[in-house]
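Subject: Structure for your review

Dear colleague,

Please find below the sequence and structure that I am handing over to you. My findings follow directly after them.

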Amino acid sequence: MLRGILSIVVVAVLIHLAQSKDLFSDFTRPIVIGSLHLLRMDAENQGNTIAVGRLQVPWTRDCSGLNLLLILMALAVWVNRKERADYRYWLRLATMIPAALLANVARVLSLIAYREVFYPEIESPQLHYFMGLIWVLPFVALVIPRGRRPMRQVLVETFHAAAVVALLAPMSGAPGGDTITLAAVMCLAHSQFNSDHSAYSRLGTFAWVLLAVGIVLTGMESLWLPWLLVCPFLVPFKWTFSLSGLVLTAATHPLFGMLPQAVMITWGFIALAAWDWLKAPQKKTTSEATPAGPRTFFWRAQPFATSLCFVLPFIASTLMAGKQETRVPPAEVLTRAIPYDGYQILMPNQPRHIGLVWYSPHGNGRHHTLKVCMKYRGVELTPTAECGDVFTDGALFYREFFLQEDQLLTSYPEYMQHTFRPWSSPGVHLIFSVVNDSVNPAEFNETCQKLAQELHQMTVKPPDQLTEAVLALSPAQ
């Protein structure tokens with residue numbers, strides 16, 4: 001039991017370190033470029049990018065392979081957590097170093113091939129991680145302990161663990177990522193192939209697949225990790241619907257950490273789950289055989305068929321990319337580009353003391369509410385007493401609007417209502433700000449509404465009417 005808990009801690013630390021500094025570029029980049037040359041493709045190292053024919057491929061920390069090495073190490077520790085720590089155990093971990101290098105080179109070449117085929121489009125972040133997952137699996141298969149269990153059971157468990165770890169790696173660096181990571185690994189510790197033919201396994205799996213369809217259609221991508229962690233043919237009913245299981249699964253959703261005292265509650269249940277695990281009767285540390293279940297073809301094929309759903313979190317956004325768009329501010333306003341597909345805007349009638357930021361849609365993903373966006377930047381917002389739509393951090397007032405499919409939406413609930421249907425456009429997030437001692441919240445809200453309506457008119461008017469509209473809004477000189 002102690003070794004099991006130690007494995008959980010080691011896996012959580014490795015996932016967290018997967019967002020650390022790029023240390024493998026000096027090894028990976030020359031191999032990638034050399035491989036492209038062997039394929040008779042022109043490739044040139046240009047520092048932050050690699051020029052491959054007509055492509056300019058950014059070279060990021062993910063391309064170096066360090067995160068892939070740490071993910072492979074985490075998976076190797078996880079799938080061998082019940083094995084003896086003899087020389088074979090350490091040999092399996094050592095093989096992950098060359099495996100990570102080879103898997104990462106294959107991943108980068110796959111991304112380059114994708115961009116060449118779909119030029120000028122680039123892969124979504126989820127598809128990027130999916131390509132990493134695909135190349136991780138063959139190498140993890142090298143270190144799976146066989147024991148006396150059917151290999152199909154171990155393969156399904158490993159595929160599930162790999163999908164969870166691949167989703168966790170980019171989340172671990174976000175605010176509250178440590179709590180999310182440890183809660184997810186504690187949930188993953190209760191995941192084991194369920195070979196019984198119970199009604200819960202059958203009906204629960206059917207409901208689980210339907211839930212995946214709902215997530216795909218509504219674009220609620222933040223639900224993918226909790227969805228993976230409640231897979232009915234891997235996670236027992238007793239854990240999923242226990243108080244600890246419900247709280248820790250909910251804690252893997254980023255918004256859960258925004259609730260008051262949520263982090264303290266989560267860590268309390270993490271400690272409770274660890275204590276229950278320590279008190280549980282100790283079992284053998286080697287892989288044990290489990291009942292094979294009915295010998296029908298359907299029952300044997302069902303786990304493999306259902307486990308194909310594990311790829312949905314990585315390809316759903318690509319499948320649902322019909323409304324992907326790139327929206328920029330109208331040409332009649334002054335703009336300055338800022339990070340994360342944003343622009344600072346100055347409209348003709350905009351008071352100079354009021355700031356306005358335009359955030360374009362990132363792929364087809366829905367925007368977060370202003371309070372959540374600022375929380376990720378370490379800023380806590382609270383609504384003002386005078387006007388509930390105006391928020392403050394103590395120094396500034398903020399007001400948000402959304403431009404979505406030629407409509408101006410004045411609140412986040414209204415935005416959620418319009419973007420909940422399948423293939424809906426994510427729209428544009430508008431954020432106004434002002435120093436809080438320069439105006440009262442009610443006046444600020446009124447001014448923001450007028451400016452948002454003017455900007456909305458600029459985005460929907462035909463080009464031949466825009467010039468007249470701007471001249472009408474401009475103050476006389």
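Val136 is buried, since its relative accessible area is 3%, under the 20% that sets the limit for this class. This residue belongs to helix H6, which covers residues 125–140. Its C-alpha lies 9.1 Å from that of Arg107, although the two residues are 29 positions apart in sequence. Please bear in mind that the model is a predicted one.

As to the protein overall, 19 helices and 11 strands are present. Of its 477 residues, 48% are buried. Among contacts with a separation of 6 or more, 72% join residues 24 or more positions apart. The exposed area comes to about 23500 Å², and 64% of that is supplied by carbon and sulfur atoms.

I next turn to a sheet. Three strands make up an open, antiparallel sheet in the order E1-E2-E3. Strand E1 (43–45) and strand E3 (55–58) are at its edges; each has a single partner strand, so one side of each has no neighbour in the sheet. From one strand to the next, the twist averages 20 degrees.

Strand E2 (residues 49–52) is joined to E3 by 4 bridges. Within this pairing, Ile50 is opposite Val57, and Val52 has Leu55 as its bridge partner. The hairpin formed by E2 and E3 has 2 residues between the strands, and Gly53 adopts a positive phi near 60 degrees there.

Which side chains of E3 are buried, and which are not? Leu55 and Val57 point to one face and are buried, whereas Gln56 and Pro58 point to the other face and are not. In general, side chains in a regular strand alternate between the two faces of the sheet. Helix H5 (residues 87–117) lies across E2 and E3, and its direction makes an angle of about 140 degrees with E3.

The structure contains 3 salt bridges. In one of them, Glu116 pairs with Arg54, and the closest N and O atoms are 3.1 Å apart. This pair links distant parts of the chain: Glu116 is in helix H5 and Arg54 in the loop between E2 and E3, 62 residues apart. Glu116 is partly exposed at 31% relative accessibility, and Arg54 is partly exposed at 48%.

Another salt bridge joins Arg399 to Asp389, with 3.7 Å between the closest N and O atoms. Arg399 is in strand E9 (residues 396–404), while Asp389 is in the loop between strand E7 (382–383) and strand E8 (391–392); the pair therefore ties together parts 10 residues apart in sequence. Arg399 counts as buried at 2% relative accessibility, whereas Asp389 counts as partly exposed at 36%.

Lys450 and Glu446 also form a salt bridge, their closest N and O atoms being 3.8 Å apart. Both residues are in helix H18 (residues 441–460), separated by 4 residues, or about one turn of the helix. Lys450 is partly exposed, at 48% relative accessible area, as is Glu446 at 46%.

Finally, I note a nonpolar patch on the surface, formed by Phe237, Phe241 and Leu246, which together have about 320 Å² of accessible area. Leu246 is part of helix H12 (residues 243–250) and counts as partly exposed, with a relative accessibility of 44%.

Yours sincerely

Conventions
Residues numbered from 1 in each chain as written. Predicted model: local features only at pLDDT ≥ 70, side-chain atom pairs only at ≥ 80, totals over all residues. Heavy atoms only, no water. Pairing = 2+ DSSP bridges. Axes fitted to C-alpha atoms, helices over the stretch in contact; angles between N-to-C directions. Contact = heavy atoms within 4.5 Å. Patch = residues over 30% accessible without salt bridge, like charges linked within 9 Å, V, L, I, M, F, W, Y side chains within 5 Å. Areas by Shrake-Rupley, 256 points an atom, 1.4 Å probe, with all protein chains shown as cover. Salt bridge = Lys/Arg side-chain N within 4 Å of Asp/Glu carboxyl O. Buried < 20%, exposed > 50% of the residue type's maximum accessible area, 1.4 Å probe, protein only.
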